[in-house]
Amino acid sequence: MEKAVESQNMDMREHVSRADLRYQHTVKRSEGGLPLGNGRMGSLIWTSPSALKFQINRADVYANDSRTNSFNQRHSDYAYGCGFVDIDLVDYGDDVFRDEGIRQHLSLYDATASIAGNGVEAEAFAASGHDVFGLRIHDRRQEPQVINLKLKMLRPAEVVTKNHSAVSRLSMRDGMMVLHQEFREGDYYCASAVVIAITGRDARVRMNDEYGGRQPVGDYRESLVIGQPNETEMRLCVKPGNGSFDIFIGSAACFDEKEDVIGEAIQTIRLALQSGYDAMLAEHRRWWHSFWDKSYIRLQSVDGRAEFVEQHYTYYLYLMASNSRDSRFPPNFGGMLLSPRGDLRHWGAMHWWNNMNLYYNAVLPTGHYELFHPYFNMYSSMYDSCAAAARQQWGSQGIYIPEVVSFNGLEELPEDIAKEMRDLYLLRKPWEQMSDRFREYADTKRPHESRWNWKYHEKYVDGRFTYKERGYGPFGFTTHMFATQVGIAYHYWLYYEYTKDEEWLRARAYPIIRGVAEFFHHYPNLRKDEDGLYHIYHTTSDEKYYGGKDTMDSMAAMHTIFPIALRASDILGEDRDLRQAWQELYDHLAPLPRSDQADAVLKTGEGEAAVWVGALGPVLDHKSHIDVKPAYFGSLCSLETAASNRDMFETTLATIRYQEELIDREWSRASSEMSGMARVLANMGLAEPFKQVVLAQLECVNAERDYCYFDDTGRIKSFENRLTVREGVNCISIQRLGNAAAALQSALCQSQPAGPGQDSVIRLFSACPADWNAEFSLWCPGGFNVKSSIQGGDISYVTITAALGGTCRIRNPWGEGEVCLQKKGGEVQILKDPLLQFETETGEEFLLSPNR
């Protein structure tokens, strides 16, 4: 690696550009296109031999909400898609985009895509701060042709699905092409608009008529309203000519029928036309350049594998900023804002937290806290429905946030349905005594939704829709999974830990934390047994261990939520009476399930070290596995835990060793897309296993376990753009990138408490592979920005900037010996303890070095 330099001297353009996408060929499938987005609106851009192609997606477009009765088949509910846009560059003549001669480039530093083919060049960007794609087309062909801009519906103009309708219309408004779509079911309403305009070239609009012919509509500059319900495509025919012209594609969405969504999209385009392409691109680049200055990780190794990991890390940051910013809702884990294949996507339109959280675990150390806002916006907005669900579904208090949930929470149930649900789901009423009324109500509900997840595969028999159950009574994959809501609450807590924004803690985080704690506090199947400990009955853990006692999912959740609820309430001076009840419960909470406990689903042999397991039995599905959840969930166990809870630490290490034997010490076998094993190993300071897992995960070594697509060469593990389709059709994913990013951060700059709710301590390079050189600028709880470098095993420098002030705690980076602490412009202070602690004021900078 180059000589270590501090970030203000680093050439950030050069650094970020190491992760650029560069193709010298066309992509075989649309999923391999170049990703563009501004956090609310996004698309891949890909080519056919004659055209550039987009699917305009938005984070705030949902065809239905939690109350739907129209999508009771798996994968059938849909969202996000607004329309297709094709820029057809050839009418009659040679193809523009062929493998011979095409050049495609995604510049991450500028967040722009450029594609050059036979005589035509295109540049595109998704404007930061504006819901507009800007494109510049430069035609230098000897014989320029008509260029057709096609705006196309995603589906037929009118689609009725049971009680649901989707209506799309094309029109001409104020000289712009418009695609408007509306979704209705009962009193639910959502609408979107896509608007296209050009500048710098004359054009005419044409529209296909109902017989497939072509109907001229008028000069592009005219203002006409047109369109019939069965017309699905409109064309803007651009006059042939050499030189450049600019295209603006804008969009808007709303949930209120009274809002003028078309007018909003048109106003966005008017502002773009007024500003002009060059000014918008300059503003866009300024935003992205500032974004990249916030933090970075740079890696080097002789074999080039470290650089490979670095490229994926930088690319992860680009994708998060392109897909999760300035929005009311986060992107769906499957497809994000980049789905290119219309409405259908595996797993539908609901949000699955165990998948989605993999996108967000690495956000806070980057310092880009704004990328978390859409996630918090969605979960906070569903608070009232989650409070009703806690009462209706479980007979508890507080809030219940399920694993799989609609963007607006859960449907409020009729009281008779809610009462029977409580009796069935809490095992007070035999499953076989389910009433016809309850079954008929359930029949219309989405089987992926957690509360109805006991429904399984469906099919039509003699024209009648039928489905089978999973066979475990009320237990589906996610019906009784309760750690999800604690994972969400812990993200709220961590946001406070990084920002120390007490008002945010009071207004946003604490209601969620308190609500989840109260759910467990009052959960009917949590009770104090004769051993004086609280045990929880009839739950599941990570989609298995149906009906288990003290499942790891539920116990890890409670061992996390109560200490952070106690700490938060103490900071705010809130809920003194509740605090006493929470403390009593936490003090008498049963331990995490372990192999040396009676009825453990997995028992270790005599003389063997005890390991974490999934549950205490019996369990209905007879599963028996170890569980490493304490090493990646809720800060239950990390290197910092060793001093204060040795038993927790040693059991976690024993579980990892047990796993190591199961895989014959080949850690690459523990690297599926969703696996958190790289984070586990980094958190526990195991550098070589971490390296093996993170490399295998990024290389998709175990893709045969996942959904993939095939071409004439066989199974394709990932696309040219580093995305995968692990989750199925139209469900491109960066789950493995998020896993790898969080693990890499922990390997280089771990900032963990000894346990939930305790003070975080910084550790540097605790799992950095011996053959890697590394340099980074990352953020830690308390608002501390840490910069450091390791070269050939030697830590070159450590600087810490206190953005918020307060006490900084860091383990001696050099392991032992005295450390010189020098405040910028101040005297040197000698620190001697293994744990270095010093007070800071806002904005102060410190340099740490060994006292040699």
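## Pockets, cavities and cysteines

Nine nonpolar, eight polar and two charged residues make up the lining of the second largest pocket. Keep in mind, as you look around, that this is a predicted model. The pocket in question, the second largest, holds about 390 Å³ of space. Its lining counts 19 residues, and those nearest the centre are His559, Tyr586, Leu636, Asn645 and Met648. Two helices are good places to start when you trace this wall: helix H12 (552-572) and helix H14 (646-662) each give at least two residues to the lining of the second largest pocket.

Now for the enclosed spaces. Across the whole structure, a search finds four cavities of 30 Å³ or more. The second largest cavity has a volume of about 40 Å³. Around the second largest cavity you will find Tyr62, Asn64, Tyr78, Ala349, Met350, Ser406, Phe407 and Arg446. Five of the residues in that lining are nonpolar, two are polar and one is charged.

Finally, a look at the cysteines. The search of the whole structure turns up zero disulfides. Two cysteines are set out here with their relative accessibility.

| Residue | Relative accessible area |
|---|---|
| Cys237 | 12% |
| Cys731 | 0% |

Buried or exposed: which is Cys237, at 12% relative accessibility? Cys237 counts as buried, because 12% falls under the 20% cut-off. Cys731 is buried too, since its relative accessible area is 0%.

Conventions: Residues numbered from 1 in each chain as written. Predicted model: local features only at pLDDT ≥ 70, side-chain atom pairs only at ≥ 80, totals over all residues. Heavy atoms only, no water. 1 Å grid on protein atoms, 1.4 Å probe; cavity = no way out; pocket = protein on both sides within 12 Å on 5 of 7 lines; lining within 4 Å. Points joined across faces, edges and corners; volume = space filled by probe spheres on them. Helix = DSSP H or I, 4+ residues; strand = E, 2+ residues; numbered from the N terminus. Nonpolar A, V, L, I, M, F, W, Y, C, P; charged D, E, K, R; others polar. Disulfide = S-S within 2.5 Å. Buried < 20%, exposed > 50% of the residue type's maximum accessible area, 1.4 Å probe, protein only.
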